[in-house]
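Please open the structure in a viewer and keep the selection tool at hand. The tour proceeds by selections, each followed by a description of what is to be found there.

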Protein chains: 4
Amino acid sequence: MAGSTYGTIFKIMTWGESHGAGIGVVVDGCPAGIPLDREDIQRALDRRKPGQNRYTTQRSEGDLVCILSGVFEGKTTGTPIALEVRNEDQRSKDYSQIAECYRPGHADYSFDAKYGFRDYRGGGRSSGRETIGRVAAGAIAQKLLSMLGIQITAYVKEIGGISAKKIDLEEIERNPLRMPDAEAARMASQLLSERMAGKDSAGGVIECVVTGLPAGIGDPVFEKLDANLAKAMLSIGAVKGFEMGDGFAAAASSGSQNNDSFSVQNGRICKKTNHAGGTLGGISDGSDLVFRAAFKPTPSIASLQETVTRDQEPISLCIHGRHDPVIVPRAVVVVESMAALTIADALLSNMTSRVDRIVTFYESLK
Amino acid sequence: MAGSTYGTIFKIMTWGESHGAGIGVVVDGCPAGIPLDREDIQRALDRRKPGQNRYTTQRSEGDLVCILSGVFEGKTTGTPIALEVRNEDQRSKDYSQIAECYRPGHADYSFDAKYGFRDYRGGGRSSGRETIGRVAAGAIAQKLLSMLGIQITAYVKEIGGISAKKIDLEEIERNPLRMPDAEAARMASQLLSERMAGKDSAGGVIECVVTGLPAGIGDPVFEKLDANLAKAMLSIGAVKGFEMGDGFAAAASSGSQNNDSFSVQNGRICKKTNHAGGTLGGISDGSDLVFRAAFKPTPSIASLQETVTRDQEPISLCIHGRHDPVIVPRAVVVVESMAALTIADALLSNMTSRVDRIVTFYESLK
Amino acid sequence: MAGSTYGTIFKIMTWGESHGAGIGVVVDGCPAGIPLDREDIQRALDRRKPGQNRYTTQRSEGDLVCILSGVFEGKTTGTPIALEVRNEDQRSKDYSQIAECYRPGHADYSFDAKYGFRDYRGGGRSSGRETIGRVAAGAIAQKLLSMLGIQITAYVKEIGGISAKKIDLEEIERNPLRMPDAEAARMASQLLSERMAGKDSAGGVIECVVTGLPAGIGDPVFEKLDANLAKAMLSIGAVKGFEMGDGFAAAASSGSQNNDSFSVQNGRICKKTNHAGGTLGGISDGSDLVFRAAFKPTPSIASLQETVTRDQEPISLCIHGRHDPVIVPRAVVVVESMAALTIADALLSNMTSRVDRIVTFYESLK
Amino acid sequence: MAGSTYGTIFKIMTWGESHGAGIGVVVDGCPAGIPLDREDIQRALDRRKPGQNRYTTQRSEGDLVCILSGVFEGKTTGTPIALEVRNEDQRSKDYSQIAECYRPGHADYSFDAKYGFRDYRGGGRSSGRETIGRVAAGAIAQKLLSMLGIQITAYVKEIGGISAKKIDLEEIERNPLRMPDAEAARMASQLLSERMAGKDSAGGVIECVVTGLPAGIGDPVFEKLDANLAKAMLSIGAVKGFEMGDGFAAAASSGSQNNDSFSVQNGRICKKTNHAGGTLGGISDGSDLVFRAAFKPTPSIASLQETVTRDQEPISLCIHGRHDPVIVPRAVVVVESMAALTIADALLSNMTSRVDRIVTFYESLK
């Protein structure tokens, strides 16, 4: 299946392996006229770059992006935008061990089962570097959304069970864990130090908030906005769970408590509470979108693990190399990017929902 | 957007409103030669039918399905299969109130925002009756899967915070709540009685297990099997969360505990544990698939709620009519159906993953 | 493959066999608010109905359409519109012979090769009755287009080599062959009488003209408007060729003659000639779209033909039954319908081509 | 719309402009295990390269392709294959004139109408260089097809009205016009010399033959194999017509002459003639596929033409620069490539048409 393609109108195709020539993405269906230069994209990539601090892999990559097509005189042309990041630091020797054995928690075995063999260097296509294409394309989607007054902000809600108790957006980029609560970040740092000392790793939860989205975006049956956000999040390697609004807590609530009453404020209909997380029946309701993604702990750990080889021989494995003890801080921008791609596509789709608006649109061109 | 279409190869399009002429689905891309009669489909529909017991709406519907095309001499022909259920019990008067006001927790407002107006009779397209199309099509997908030795079983894991403590598959259909634990079902029944007395409602969690799925199904990037299952679940009305394997609990675990070691059993590579829930890197790993969907409490409650009308007038609303105090028991078959549709599509896609198998396939036809 | 699905935004799925319960279509993605009643659709179906005159099959079908969903208070709701025509006159005995042998020029053999068996009654899914779904859905697309001032008109340009020498639109519905030239129609009638007497059949060419389409519709690479029209036409059974504008004649022309000069008329840029047929680089140029489809002669003829059975036995075959000696007059509305579906989808897609228009669109909703 | 994406299972996305950084394509959904090196792709690109002889533009391009991903140890991995050709000879000054005026026969005006502006350097995205992506991807599709014994051969059937009278496949690559008839090639050469002297250009017809395709490929309704071939051909810039088998000539024939009788040869059912061109009801019938595409004359001519500027000013235009007086010889490989992409996709889709084959496929994996 063409599994590296995403989106219907704003469509992307990503490519590249951890230790191949590079990583890239083509964006097909981006509207013409969006001001875009490579710095717009580079800024996003820098947020997911390795080597930012002691909690991220020390692989040394500049991750410099080139725009190869689809932009002319500083604006998108409406034709495909090809973006490319060349790999620089490809120490294949670090990964030679995994050619023959199946690392627990990794996709080595399932890749072999599907394709018969795999590019084993550094995880190949299932490496975290695959997300470079998502982030690069997501930066373009964010440009489009910001022109419409829509803002996407994600942060680390929880690491290894330690939760942020408050949401201070100013704090997010002040600590290396991208938590919106300095005290929680301090405690999580301590936990991570212990995990690193114990050759172990941690997971966490990222929360994402989308403001400025008008009501009416998304579709009522299979293409519910929250359904597509769930797919977007679970498509990120290591994500094991998704919640919209109150999520699993809603399942334990009651109708009278979980229902959000409507009221009128400043001449607009709005909800008094937001247990729903901003969608009703799969369609945005004008409140903020609020959702969470649960990330499993980094599977690459330096402590001894039992596994088997391709030839079914039992083997003990110790994964050395450059791995993040926790992936969630760097994944924040990936979550924002997937959200941006999903919402941009839904917004463009939505323009055809009413015939009166279509008529007005075409009348205005005459 | 064409939001009522689902699947790539095994593709369905559903249609119909709560109080229109009926509900239906067309299945396009179903392989030829599957034995199929209407009883195969009716059995599945009977499991979601209203009026099964005191916890389900007393709307009286036979929900009898007709096969209108695509089956000849008892087998699917490979051409589109049209299935149709006519609505019988359409007491529109029960719903006249909602034409003008927005029910909390329902899609009334978001539909109006999107389409400018809506079929307000009984929720129209956003009614739970919409799932009839999913279940009818899912029954065909299940026929295909069962020919391949794949079995899908869902059950109610939790209602209103009361969880099943054990999983006894025999028990599921013995109690009206479809819980695999008789004692938990008894306690949940009591909770529901209290909620009904209090004009309130409950939510819950459905867990689904898929056995017999070979390793190698699903795709590594955007079309991860778990990503598509997440979308499938969140596309069901009222679902607010999804977990694969350990889900959110994995986020609080450590790498050493969460990683599933590989071993060899009976000449096959398998995992010793299944924290992952049966996928690695988005591709099935040969273990059982295990996932959960969180359902919010039924939003239609008979107690007084504050809301507004289309004209922005505040109004107090009391929803009478025939509504389930809890939706999860009837949703079990919907979860199974969406899982079946998703997995059937992934299996068919997977046939083209390796050129050696393609060559063998076409050689065998000569 | 899901081969009975058509369109990206305005998407349809058709179903049904010649001698099954009926024929139908579901339209998913139709904008909300289009005034629609069943007469809009019935009028189109009546134009393709059998039994209109001596040149069409005498099968007696009312071909009455029902709207089962997606329309409320006389307007489309934005949700799927299910349309259905029940088969009435199913004389299966007429067709029993073809269960075992392969009719020349029909899809019997290729269906068996693909699916292993087939619904052999009256051609099953490959019957001309399959086009009912296209025409019913096309009528809705035409409603949308007419609200935008776009008009689609097709007619029979040629039958059995006899061409219309003039295009008199008033004449089209005056003669049973739907030719825009009464004299050519008279000559073609004579030819058809001879063919019928000789137990033979004729083919022909349909030309289609689209007026009122703004410049800028269609896409530059694979989704060229003319490419999609070509697919639309060749997807109609019996079509063997397609021409845009001058078509094959352009291949024999020169650049200086074939290029259409631009000029300004009434303050608008337009082309002085229209060799191109209304598209440049796959995008509409503001001129009329002009294209043609070539239909092969009806393959069902009453004269003796040599063929083989499923068991590879040679056999002589004489096809009796109710068949049109020429199919093109009834196919005129099918050509219009496929054009309407294709253009409607392209128009809706086009709304997202420029970011300034997207911003204006969403600003207007605030 | 995402108009630079093609295919359902074997899916490609192309990018790049005439005078940007380069041209490329990503292939998503290619099966794993196909032996592939850059020479396989370079050979195909060399056949479309400029500067091959006096009838092709003298633009000097090496058109050297790089494989950036998706190939490991000499075989495709099943993950996206990114291919890239950097532009070298970008004499932008040749094209400065067209920034403001609309060249007749080109997409300048329609691009502006759609996107509001365009990359005017050398045609930008609508340049013939766009086909590099098609040819590069097509070379991979051809590798797959050749492993299944399927061969695609195209040649120039006609230039400026001069037709090949015989089909000598050996002759095709012997003459610069790629005609399968040396005498016709000589006459066409003379015609082209005259056109060049007269600052004019010519069009032509390419015929394509596909051998070795099994019966049963393609789908019966909208996804007819011939419908997709028609779209594939019309998606090539400058193509204005398509014929399958006898094409337009069939429209003038009779049923008794046009029907292809079935017979048995060497224990296989086959057709005695092939008026149909290898498909019946949209599905391959085991005969060779035979189809044609009509190309308009090169619109860039050095003689004076009347046109207008963006500001609606009349202007006389003389297009200097490096342009092919005829495009068809270089387009032969483009036709083959689009055919290969279309057929590969249809073959992969076809693997899921019958449940017995699906069961056998999955049984063989156990």
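Select chain A of this predicted model. Chain A has 366 residues, and a compact globule of that length would have a radius of gyration near 21 Å; the value for chain A is 22 Å, which agrees. Turned onto its principal axes, the C-alpha trace of chain A spans about 65 × 50 × 40 Å. Colouring chain A by secondary structure brings out nine helices and 18 strands.

**Within chain A**

Next, select Arg292(A) and Glu207(A) and display their side chains. These side chains meet in a salt bridge, with 2.8 Å from N to O. Arg292(A) belongs to strand 16 (residues 289-295) and Glu207(A) to strand 10 (residues 204-211), so the pair ties together parts of chain A that are 85 residues apart in sequence. Over all chains, the count of salt bridges comes to 104.

**Chain B against chain A**

Now add chain B to the view. How many degrees of turn lay chain B on chain A? A turn of 180 degrees, with a shift of 0.0 Å along the axis, superposes chain B on chain A with an RMSD of 0.0 Å. That is the relation of a two-fold axis. Both copies use the same surface, for 100% of the contact residues of chain B recur in chain A.

Select the residues on either side of this contact. Chain B contributes 107 residues, and chain A likewise contributes 107 residues. Between them, chain B and chain A bury about 8,400 Å², with 60% of that area on carbon and sulfur atoms.

Which charged side chains should be displayed here? The interface of chain B and chain A holds two salt bridges. One of the pairs to select is Lys231(B) and Glu223(A), whose side chains meet in a salt bridge at 3.0 Å, N to O. Polar contacts may be displayed as well: 50 residue pairs are counted between chain B and chain A. Then select helix 2 (residues 108-115) of chain B, which gives the most to the side of chain B that touches chain A, with seven residues. Coloured by class, that side of chain B shows 40 nonpolar, 41 polar and 26 charged residues.

**Chain C against chain A**

Hide chain B and display chain C beside chain A. Chain C, too, can be laid on chain A by a turn of 180 degrees and a shift of 0.0 Å along the axis, with an RMSD of 0.0 Å. Here 100% of the contact residues of chain C recur in chain A, and the same surface serves both copies.

Select the contact residues once more: 27 residues of chain C are in contact with 27 residues of chain A. The area buried between chain C and chain A is about 2,600 Å², and carbon and sulfur atoms give 74% of it. Which three residues of chain C supply more than any other three of the area that chain C buries against chain A? They are Met351(C), Val355(C) and Tyr362(C), which together supply 26% of that area.

A search for salt bridges between chain C and chain A returns zero. Polar contacts, by contrast, are found across this interface, in eight residue pairs. To see where the contacting side of chain C comes from, select helix 3 (131-147), helix 8 (328-350) and helix 9 (355-365) of chain C, each of which supplies at least two residues. Helix 9 gives the most to that side, with seven residues. As a final step, colour the side of chain C that touches chain A by class: its residues divide into 18 nonpolar, five polar and four charged.

Technical notes
Residues are numbered from 1 along each chain as its sequence is written. Chains are lettered from A and ligands numbered from 1 in the order in which they are written. This is a predicted model: local features need pLDDT of at least 70, side-chain atom pairs count only at pLDDT 80 or more; totals for chains, interfaces and linings use all residues. Side-chain values use heavy atoms; hydrogens and water are left out. Contact means heavy atoms within 4.5 Å. Buried area is the accessible area (1.4 Å probe) that two parts lose on being put together, summed over both. A salt bridge is a side-chain nitrogen of Lys or Arg within 4 Å of a carboxyl oxygen of Asp or Glu. A polar contact is a pair of N or O atoms within 3.5 Å; within protein, one must be able to donate a hydrogen and the other to accept it, and residues adjacent in sequence count only if both atoms are side-chain atoms. Helices (H or I, at least four residues) and strands (E, at least two) are DSSP runs, numbered from the N terminus. Ala, Val, Leu, Ile, Met, Phe, Trp, Tyr, Cys and Pro count as nonpolar, Asp, Glu, Lys and Arg as charged, and the others, Gly among them, as polar. Copies are superposed by least squares on the C-alpha atoms of residues with pLDDT of at least 70 in both. The radius of gyration is taken over C-alpha atoms; the globule rule is 2.2 Å times the number of residues to the power 0.38.
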